[in-house]
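User: I'd like a close look at one part of this model, namely how helices pack together. Could you walk me through it slowly, as you would for a first-year student?

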Amino acid sequence: MTATRQPAAWLESARRGQTTAADLRAAAERCRACDLWRRGTQTVFGEGPARPRVVCVGEQPGDREDRAGRPFVGPAGRLLDEALERVGIARDGVWVTNAVKHFKWKERGKRRIHEKPSPNEVRACRPWLLAEIAALQPDLVVCLGATAAQSLLGPRFRVTKDRGRVVGAPGLPPIVATVHPSSLLRAPDAATRRRERARFEADLRGVASLLQKAPRRAARRA
Ligand code: URA
C-alpha cells in the first residue's frame, strides 16, 4: 500500500478486511486531509488491544496526548479509566481513540489551549475513525461527547437527549453516547461533579451490561 493513499481509500480497504489498525496508524501519521497537522506535534492514533470489545471515541487529543502521541493519557483519560473500572469494564478490552487525530489549539501566554475542531476537520478525519472501527470490529462503540457522537451519528444527534441509549448506524456496531469525561472536570462545584460523575458511570454501567449480554463477535479476522 502506498503512503499517499487518501483516508477514504484506507476506509475501503479496512471494510474489505485488508487493513489492520496498525496499517492505519502508520498511514495516518502522514495525513494531510486538513490543516491540523501543521499545528499538532504528531498524529495521535487510537490504541488498545488487537481485539477490543469496546471502542471509546473522544473528541481530539489534548495537550498531553499531543506531546505523548497517545490518546487519553491526561486527566480526562484517568477519569475514564476510573469510571470503567468502577462499572466493571475491563480496561484491557477497550480501545481508545478520537474523532479528530490532531490537537487543535491556540496560544494563551505559554499555554496551548484546546480549540474545538470545526465540522470540516471532523469530516476530514471521519474516514480514519470509520476505518479504525472497521478494522477492529468491536462489539460496541462508546461516543464520549458531542463531537464523537455527531461524527458517527450525524449533526442532529444530541448527547443531552439520547445519552446512554443504544443507537444504530448503517455499517457500524451498536453505539452508546455519553458525555466527555473532561466535562466532569469542568463541573462548577463538587456537588455537580459528583452528580455528573454518577450519571456518566450509570451510562457506562449500561454499556457493561450490554457487553455481558452480547456474545463476543465470533467471526473476527485474525
Ligand atoms: N480528550 C479527548 O477527547 N481525547 C483525548 O485523547 C484526551 C482528552
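Analyst: Let's start with a word we'll need: a residue counts as buried if 20 or more other C-beta atoms lie within 10 Å of its own C-beta, as exposed if there are 12 or fewer, and as partly exposed in between. Keep in mind that what you see is a predicted model. By that count, 40% of the 222 residues in the chain are buried.

A quick look at the whole chain before we zoom in. Its secondary structure adds up to 9 helices and 7 strands. For 222 residues, a compact globule would have a radius of gyration near 17 Å, and the chain agrees because its own value is 17 Å. Along the principal axes, the C-alpha atoms take up a box of roughly 50 × 50 × 30 Å. If you take the contacts between residues at least 6 apart in sequence, 71% of them bring together residues at least 24 apart.

Now for the helices. Two packed helices are described by the angle between their axes and the distance between the axes.

Begin with helix 5, residues 119-136, and its partner helix 2, residues 21-28. Their axes are 9 Å apart and make an angle of about 160°. Anything over 145 degrees counts as roughly antiparallel, so that is the label for helix 2 and helix 5. The way helix 2 passes helix 5 is a left-handed crossing. On the helix 2 side, the contact uses A21, L24 and A28, and these meet W128, A131, E132, A135 and L136 in helix 5. Sorted by class, that contact has 7 nonpolar residues, 1 charged residue and no polar ones.

Helix 5 also packs with helix 1, which covers residues 7-15. Here the angle is about 15° and the axes are 8 Å apart. Since an angle under 35 degrees counts as roughly parallel, helix 1 and helix 5 are roughly parallel to each other. Their crossing is left-handed. From helix 1 come P7, A8, W10, L11, A14 and R15, while helix 5 brings P127, W128, L130, A131, A134 and A135. The class count for this contact is 11 nonpolar, 1 charged and no polar. If you compare the two lists, W128, A131 and A135 of helix 5 turn up in both contacts.

Follow the chain out of helix 5 and you come to Q137, in the loop that leads to strand 5 (140-144). Most residues other than glycine have a negative phi. Q137 isn't a glycine, yet its phi is positive, about 45°. Is Q137 buried, exposed or partly exposed? Its C-beta has 16 others within 10 Å, so Q137 is partly exposed.

F72 does something along those lines in another loop, the one between helix 3 (63-68) and helix 4 (75-87). F72 has a positive phi of about 55° without being a glycine. With 27 other C-beta atoms within 10 Å, F72 is buried.

That loop hands us on to helix 4, so let's look at its packing with helix 9. The two axes come within 9 Å and cross at roughly 55°. That angle makes helix 4 oblique to helix 9. Helix 4 passes helix 9 in a right-handed crossing. Helix 4 supplies A83, L84, R86 and V87, and helix 9 supplies F200, E201, L204, R205 and A208. In this contact, 6 residues are nonpolar, 3 are charged and none is polar.

While you're in helix 9 (residues 190-213), find R197. R197 counts as partly exposed because it has 19 C-beta neighbours inside 10 Å. P181 is 16 residues away from R197 along the chain, and their C-alpha atoms are separated by 8.4 Å.

One stop outside the helices: I113, in strand 4 (residues 111-114). I113 has 11 C-beta neighbours inside 10 Å and so counts as exposed. Leaving aside residues up to four places away in sequence, I113 touches W105, K106 and R108. Measure across to T192, 79 residues away in sequence, and the C-alpha to C-alpha distance from I113 is 24 Å.

Definitions and conventions. Residues numbered from 1 in each chain as written. Predicted model: local features only at pLDDT ≥ 70, side-chain atom pairs only at ≥ 80, totals over all residues. Axes fitted to C-alpha atoms, helices over the stretch in contact; angles between N-to-C directions. Helix = DSSP H or I, 4+ residues; strand = E, 2+ residues; numbered from the N terminus. Parallel < 35°, antiparallel > 145°, perpendicular 65-115°, else oblique. Left-handed = near helix turned anticlockwise from the far one by under 90°. Contact = placed C-beta atoms within 7 Å. Nonpolar A, V, L, I, M, F, W, Y, C, P; charged D, E, K, R; others polar. Rg over C-alpha atoms; globule rule 2.2 N^0.38 Å.
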